[in-house]
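I opened this one with no background and kept notes as I went. Here is the structure, and below it is what I looked up.

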Amino acid sequence: MTNPDPHAALREHLAELRLDQIAEIYPEVMNEAARKNCSPLDVLVTLVAAEVTARRERALQRRIAAARLPKRKTLEEFDMAFPKRLPKQKVLRLFDCEFVAQHQSAVLIGPTGIGKTHLLTALGYTACERGVSVRFTRVVDMLNGLTAAQINGTLAKALKVYTTPSLLLLDELGYLPIDKRGADLMFQVVAARYEFGSIVITTNRAFRDWGKIFDVDNTLATAMIDRLMHHGEAIVIHGDSYRLKDRPPE
Ligand code: ADP
Ligand code: MG
């Protein structure tokens with residue numbers, strides 16, 4: 001094993017294999033190993049483990065970027081005692097993310113300011129950390145995007161954005177009315193994911209009012225609820241807005 005310039009050869013091989021982390025740290029790891037009398041096996045383990053860690057971190061950052069999540073929120077920051085009523089076990093069960101593998105869905109129902117977006121965002125980050133592909137969007141943004149794509153003749157491609165991730169997080173159903181075309185597009189997304197992928201939706205409207213959100217007859221709302229709830233769970237939260245919590249009474 002003689003090589004006129006082993007470092008140059010090693011760096012070349014590491015570059016070809018894209019082992020960037022090893023390339024960066026191996027001189028220091030080897031020096032330290034020499035100082036501490038570590039075995040060659042220890043060195044190998046340290047280098048490979050560092051590469052694995054760096055790759056996992058990069059993959060996580062890629063998943064988070066692809067998910068388009070809002071500013072980070074965590075489950076730990078969420079005060080479970082604040083809402084008057086919260087099905088805590090159901091919420092905690094979502095965060096173990098097993099529902100994603102089962103292609104199950106959930107609908108978070110509650111008044112404004114109760115923490116629906118907070119929970120949905122936190123769930124998104126947790127799912128990314130578990131290796132799940134996630135996409136977060138407000139319903140209105142998704143429907144605007146899909147409507148534009150339909151007009152431009154690129155609907156099939158645009159739909160993939162919302163049908164391919166394992167977990168689709170749809171925020172804010174019900175604040176704005178949805179027209180006939182929007183209702184149709186929303187149904188296409190829900191139907192395409194049915195039994196293939198998970199959806200978690202937040203809404204301020206009870207199921208019985210979903211017909212009013214869509215500017216069409218009730219059958220579409222019913223068909224949508226059917227698909228979401230066939231393998232899904234309604235998580236109803238009661239209480240006051242957290243935004244107003246510290247405001248003194250008038
Ligand atoms: P919603 O989407 O239901 O209207 P948000 O999730 O936007 O409500 O919550 C409003 C604000 O209050 C956010 O900044 C959120 O982090 C915070 N918040 C809501 N509920 C809680 C809670 N139980 N514990 C801690 N922060 C909360
Ligand atoms: Mg919200």
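**Entry 1: the shell around the ligand**

I started by sorting the residues of the shell around ligand 1 by type, and I got five nonpolar, five polar and five charged. Note to self: this is a predicted model, and I should read every value below that way.

Which residues come nearest to ligand 1? Out of the 15 residues around the ligand, I wrote down Asp79, Gly113, Lys116, Thr117 and His118.

**Entry 2: polar contacts of the ligand**

Next I went through some N and O pairs. I looked up His118 and found a polar atom of its side chain 2.6 Å from an oxygen atom of ligand 1. With Asp79 the backbone takes part: one of its polar backbone atoms is 2.8 Å from a nitrogen atom of ligand 1. Ile114 also uses a polar backbone atom, which lies 3.3 Å from an oxygen atom of ligand 1.

How much of the accessible area of ligand 1 does the protein cover? I noted 86% of the 560 Å² that the ligand has on its own. I also checked where ligand 1 sits, and that turned out to be the largest pocket.

**Entry 3: Ser198**

Moving on from the ligand, I picked Ser198. I found this serine in strand S4, which covers residues 198–203. Is Ser198 buried or exposed? Its relative accessible area is 0%, so I put it down as buried, the cut-off being under 20%. Its side chain has a partner too: a polar atom there lies 2.7 Å from the backbone oxygen of Gln104.

**Entry 4: two helices at the start of the chain**

I looked at His13 and placed it in helix H1, residues 6–16. His13 has 49% relative accessibility, so it counts as partly exposed, as exposed would need over 50%. From His13 I checked the distance to Ala23, ten residues away along the chain, and got 9.4 Å between the C-alpha atoms.

Then I turned to Pro27, which is in helix H2, residues 20–36. Pro27 is partly exposed as well, at 36% relative accessibility. How far apart are the C-alpha atoms of Pro27 and His7? I noted 9.2 Å, with their positions 20 residues apart along the chain.

**Entry 5: positive phi angles**

I wanted to see residues with a positive phi that are not glycines. Asn37 is one of them, with a phi of about 60 degrees. I found Asn37 in the loop between H2 and helix H3 (40–67). Asn37 is at 71% relative accessibility, which is over 50%, so I filed it as exposed.

Cys97 has a positive phi too, of about 65 degrees, and is not a glycine. Where does Cys97 lie? I traced it to the loop between helix H4 (88–95) and helix H5 (98–101). Cys97 has a relative accessible area of 7%, so under the 20% limit it goes down as buried.

**Entry 6: Arg93**

As I already had H4 on the page, I looked up Arg93, which lies in that helix. Arg93 has a relative accessible area of 47%, so it falls between the two cut-offs, 20% and 50%, and counts as partly exposed. I ended with a distance: the C-alpha atoms of Arg93 and Tyr242 are separated by 23 Å, and the two residues are 149 residues apart along the chain.

Technical notes. Residues numbered from 1 in each chain as written. Chains lettered and ligands numbered in written order. Predicted model: local features only at pLDDT ≥ 70, side-chain atom pairs only at ≥ 80, totals over all residues. Heavy atoms only, no water. Near = heavy atom within 4 Å. Polar contact = N/O pair within 3.5 Å; in protein donor to acceptor, adjacent residues only side chain to side chain. Areas by Shrake-Rupley, 256 points an atom, 1.4 Å probe, with all protein chains shown as cover. 1 Å grid on protein atoms, 1.4 Å probe; cavity = no way out; pocket = protein on both sides within 12 Å on 5 of 7 lines; lining within 4 Å. Sits in = over half its atoms within 2 Å of the grid points. Nonpolar A, V, L, I, M, F, W, Y, C, P; charged D, E, K, R; others polar. Helix = DSSP H or I, 4+ residues; strand = E, 2+ residues; numbered from the N terminus. Buried < 20%, exposed > 50% of the residue type's maximum accessible area, 1.4 Å probe, protein only.
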